[in-house]
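Welcome! Take a moment to look over the chain before reading on. The report below walks through some of its parts, one region at a time.

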Amino acid sequence: MSTISGDERRADAAASSAAARTRAAGAGAAASARPFPPGFLFGAATAAYQIEGAAHRDGRTDSIWDAFCRVPGAVINGDSGETACEHYDRYRDDVALMKDLGLQTYRFSSSWARVRPDGGAVNPLGVDFYSRLTDELLGAGIRPWLTLYHWDLPQALEEDGGWTNRDTAYRFRDYALSMHDALGDRVPVWTTLNEPWCSSFLSYTAGAHAPGRQSAELGLAAAHHLLLAHGLAIEALRERDAALELGITLNLTVAKPVDPASAGDLDAARRIDAQFNRVFLDPVFRGSYPEDFLEDVTGLGLEKYVKDGDLAQIAQPIDSLGVNYYHGEFVSDRPAAHPLVGDAPTTRQTRSPFPAADGVFNHPQGLPLTAMDWEVQPDGLRELLVEVEAEYSGPARVKLYVTENGAAYDDTVADDGTVPDPERTAFLREHLGAVLDAIDDGVDVHGYFYWSLLDNFEWAWGYEKRFGIVRVDYETQQRTVKQSGLEYRRIIAARALGAA
């Protein structure tokens with residue numbers, strides 16, 4: 001994505017967000033509802049470590065997150081996914097809940113540490129769980145959508161170097177084929193990786209996520225090997241079954257300069273775009289790393305890990321691209337007077353996740369905030385989808401989905417047992433409106449997945465933040481559909497975004 005030209009096209013973020021609300025209000029006044037296209041899929045997403053629990057049952061062994069949760073100060077309250085939402089035992093009830101909400105598709109991840117513990121032989125009990133879950137989904141008329149990797153690398157592989165070890169990419173291909181052996185006849189859509197930016201730079205450079213290493217070079221090595229793993233798995237799965245819909249999910253952002261007339265601010269936005277978005281988009285779609293990105297990371301060791309043929313392997317044709325969007329970035333080469341942190345307030349020291357953006361600073365835009373101190377910028381989703389379609393998915397004829405979008409708020413149970421969450425409900429409506437705005441702009445968006453179905457273990461935040469449209473009482477494991485979940489059910493049933 002060309003940040004400089006994009007910034008020249010864009011208005012100020014707050015003005016853009018206001019314009020989106022104005023468009024939505026005008027559309028509501030002009031018609032009673034804004035319909036979604038025929039075939040548009042409504043879903044929700046989760047991740048294995050965040051909801052399954054049963055972390056050491058039926059043959060599952062430590063993942064890097066099990067180990068990281070035991071590091072003092074790494075996770076708030078020392079929380080872990082040992083129990084989580086007990087989805088491993090309650091999956092039938094959870095699928096019934098999905099059916100009641102009207103979900104058409106459910107995006108879940110499989111735990112590598114459950115399927116091939118310690119990175120070794122296939123564990124039949126672990127595979128059987130995902131087989132039973134798949135059958136339950138199909139029986140409820142819900143399309144299963146499998147993500148192979150949502151950050152839970154077996155700890156034994158991390159002790160051999162983890163994603164900094166090239167061999168892990170080949171181990172991932174083998175794991176992918178093991179999952180295909182089990183589910184290939186019933187799961188139509190396969191995603192290789194979820195948010196490799198997080199499992200490389202946030203995990204190996206910032207040290208904020210498992211395994212907690214802090215090195216620019218190791219983050220670059222991890223990013224490259226994750227991409228290589230993606231390409232190897234796509235090729236192997238394609239050879240197995242050409243009918244599968246194969247893809248990857250990337251978390252992407254809209255990076256804007258605080259002052260579009262400042263060369264330093266423009267370069268700050270370019271760096272974030274290169275080191276957040278294009279570092280993954282360009283290899284997958286164009287078979288190369290962006291030239292400006294390579295200039296940014298010169299001397300940090302990336303060239304040691306890129307072998308002949310790697311980029312062609314990474315650029316295996318895909319069928320779908322998942323876009324995960326939560327907020328934009330408003331950046332400068334000058335520090336903000338009152339910066340928004342947005343990171344878990346753990347006691348363990350971390351560093352910037354960006355390998356070569358130490359002089360880049362985030363600034364608040366004056367937009368509403370979630371409980372994570374993330375700004376609510378729905379029009380950023382529209383902008384992002386327009387740009388990704390124009391520059392990547394459109395020319396490649398790849399289906400585009402919003403595979404994660406959601407917000408944490410500190411909602412509570414009312415006296416009558418309901419869970420009113422008007423802020424999350426508004427967030428959901430505004431972002432679905434942004435998807436419709438993108439469709440109006442000519443973007444062929446095929447579906448939307450809310451993050452998340454359930455309140456769950458939120459990584460370094462532990463259980464402090466709730467993203468679900470279904471509340472989980474962690475003491476009793478009782479599920480309660482929130483106001484936002486009821487609104488999502490109405491939207492799905494109507495297949496339209498009606499007036500608020």
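A residue is called buried when its relative accessible area is under 20%, exposed when that value is over 50%, and partly exposed in between (1.4 Å probe, protein chains only). At 5% relative accessibility, glutamate 195 therefore counts as buried. Please keep in mind that this is a predicted model: local features need pLDDT of at least 70, side-chain atom pairs count only at pLDDT 80 or more, and totals for chains, interfaces and linings use all residues. Residues are numbered from 1 along each chain as its sequence is written, and side-chain values use heavy atoms, with hydrogens and water left out.

**Unusual backbone spots**

Helices (H or I, at least four residues) and strands (E, at least two) are DSSP runs, numbered from the N terminus. Glutamate 195 sits in the loop between strand E5 (189-194) and helix H10. Tryptophan 151 also belongs to a loop, the one between strand E4 (143-149) and helix H8 (155-158). Tryptophan 151 is buried, with a relative accessible area of 6%. Proline 211 is part of the loop between helix H10 (196-205) and H11, while serine 452 lies in the loop between strand E12 (445-451) and strand E13 (470-472). The table gives the backbone angles found at these places.

| Place | Feature | Angle |
|---|---|---|
| Glutamate 195 | positive phi, not a glycine | about 50° |
| Tryptophan 151 | positive phi, not a glycine | near 85° |
| Alanine 210 and proline 211 | cis peptide bond | omega about 10° |
| Tryptophan 451 and serine 452 | cis peptide bond | omega about 5° |

**The nonpolar cores**

In soluble globular proteins, nonpolar side chains tend to be buried together. A nonpolar core here is a set of buried Ala, Val, Leu, Ile, Met, Phe, Trp, Tyr and Cys residues joined through side-chain atoms within 4.5 Å. The largest such core has 133 residues, and Trp65, Tyr149, Trp163, Phe172, Trp190, Leu321 and Tyr488 have the most contacts inside it. Helix H11 (residues 216-240) supplies the largest share of this core, 12 residues. Apart from it there is another core of 18 residues, including Met372, Trp374, Ala408 and Trp461.

Contact means heavy atoms within 4.5 Å. Leaving out residues up to four places away in sequence, tyrosine 488 touches Phe42, Gly43, Leu103, Leu428, Leu432, Tyr448, Tyr450 and Ile469.

**A look at alanine 216**

Is alanine 216, a residue of helix H11, buried or exposed? Alanine 216 is buried, because its relative accessible area is 11%. Which residues does alanine 216 touch, not counting residues up to four places away in sequence? They are Thr205, Leu300, Arg351 and Pro355. Alanine 216 and leucine 302 are 86 residues apart along the chain, and their C-alpha atoms are separated by 9.4 Å.

**A three-stranded sheet**

Strands of a sheet pair through backbone hydrogen bonds, either parallel or antiparallel. Two strands pair if DSSP finds at least two bridges between them. Three strands form an open sheet in the order E7-E9-E10, with mixed pairing. Strand E7 (255-257) and strand E10 (361-362) stand at the edges with a single partner strand each, so one side of each has no neighbour in the sheet.

E7 and strand E9 (residues 329-332) run parallel and are joined by three bridges, and proline 257 stands opposite valine 331 in E9. E9 and E10 pair in the antiparallel sense over two bridges; the bridge partner of valine 331 in E10 is asparagine 362. Glu329 and Val331 point one way from E9, Phe330 and Ser332 point the other way, and all are buried.
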